[in-house]
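Reader: Hi! I'm new to reading protein models, and I'd like a close look at one strand. Could you walk me through it?

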Amino acid sequence: MYLLKFFLFLFSFNALALVVYQDGKFIKSYNREQFLKIGESEKVKFLNHINNKSSTYIGISINDLIKDLKLNKSDIEEVVFECLNGYQPFLNFQLFQNRDAYLTYKSAGAKPFTRFSQKTKEIVNLGPYYLVWKLDDLHYKHRLKYSSIYKIQGINFKTKLFKLPLKDSTLSDGFSTYKRYCISCHKIKNQGGTLSSELLDSKYLRNEVQFIQYVTNPLGMNPQSEMLPFPDFQNKIYKIKHVFQLLNVLRSAKNKEKLNKKDINELNKVIKEFSTPTFGKPLEPENI
Ligand code: HEC
């Protein structure tokens, strides 16, 4: 009986472990000691845009965690965080390709691992883990796009997502390309990432050549561009053309012969499902 109690006691400590899932299935749990062995702890600065104060936290990079789990980065589509307060935001993996993120576990110096919550107007504990991005060199306007998420206790790396239920191979390829490379930042029909514009309103949808130019070399088209160029691989132009066609089909009835209304509805349904987290509330601009 005492032994059982002892184990239960240990287990309650484990409630503060970091639990990792892949596609919703448990793969590994780290207690703090194991977590610290994943990689080298580093300092990362968080700049609060509201009071312009910065705080420094100490943590281990998500990249090191992925390496430790032996996950293949190119398989990961999105990352869902499980927080102690029931919050379960999901982030497109593209964000982690753009910027380094750290699972921090304490503040630098002797500062408590807490922060003031703008939402609840009180001091909140950030632990067990607080996701902080390395954004020092980014303009604050663009920093806002990267949510800092606190009270993280679990991470679900998702590799499988919806497929387009349409026969047309061009459009389904366009959809999976869009989903893989664009949705993290661009909405279509108000669904998807909020980092950038509604893609169905893009003036470039009227000009395929310019669209391809923008996507392959955003800086060439717009010296202020914050957008990442499309990754360089063999069939990339076809992939971008397929996105172009998909967007145009969605945008207007011009290509009606390709898709009927039922298909468009089906497509919208999938996009909606895709951009809704499997559980919990949708991600708010900042979890504060
Ligand atoms: C990392 C975020 C990010 C990703 C991923 C991304 N974009 Fe963008 N995109 C932006 C931002 C920000 C802008 C606003 C202008 C700028 O910074 O270039 C933009 C602008 C654009 C524009 C021109 C502006 C407009 O609305 O007409 C087009 C076209 C475009 N993106 C297409 C795409 C396509 C297609 C993909 C996927 C292959 C994609 N983008 C992926 C961030 C992104």
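Author: Here is a look at strand S5 and its partners. First, a heads-up: this is a predicted model, where local features need pLDDT of at least 70, side-chain atom pairs count only at pLDDT 80 or more, and totals for chains, interfaces and linings use all residues. Residues are numbered from 1 along each chain as its sequence is written, and side-chain values use heavy atoms, with hydrogens and water left out.

The chain's secondary structure comes to 10 helices and 13 strands (DSSP runs numbered from the N terminus: H or I of at least four residues for helices, E of at least two for strands). S5 covers residues 78-83, and six of its six residues are buried, where buried means under 20% relative accessible area with a 1.4 Å probe, counting protein chains only. So which residues sit on each face of S5? On one side you'll find Glu-78, Val-80 and Glu-82, and on the other Val-79, Phe-81 and Cys-83, all buried. For the chain as a whole, 44% of the 288 residues count as buried.

Now for the neighbours. Two strands pair if DSSP finds at least two bridges between them. S5 pairs in the antiparallel sense with strand S6 (residues 90-92) over three bridges, and also antiparallel with strand S11 (residues 149-158), over six bridges. Val-80 is a handy spot to see both pairings: its bridge partner in S6 is Phe-90, while in S11 its partner is Asn-156.

How values were computed
Buried means under 20% relative accessible area, exposed over 50%, partly exposed in between (1.4 Å probe, protein chains only).
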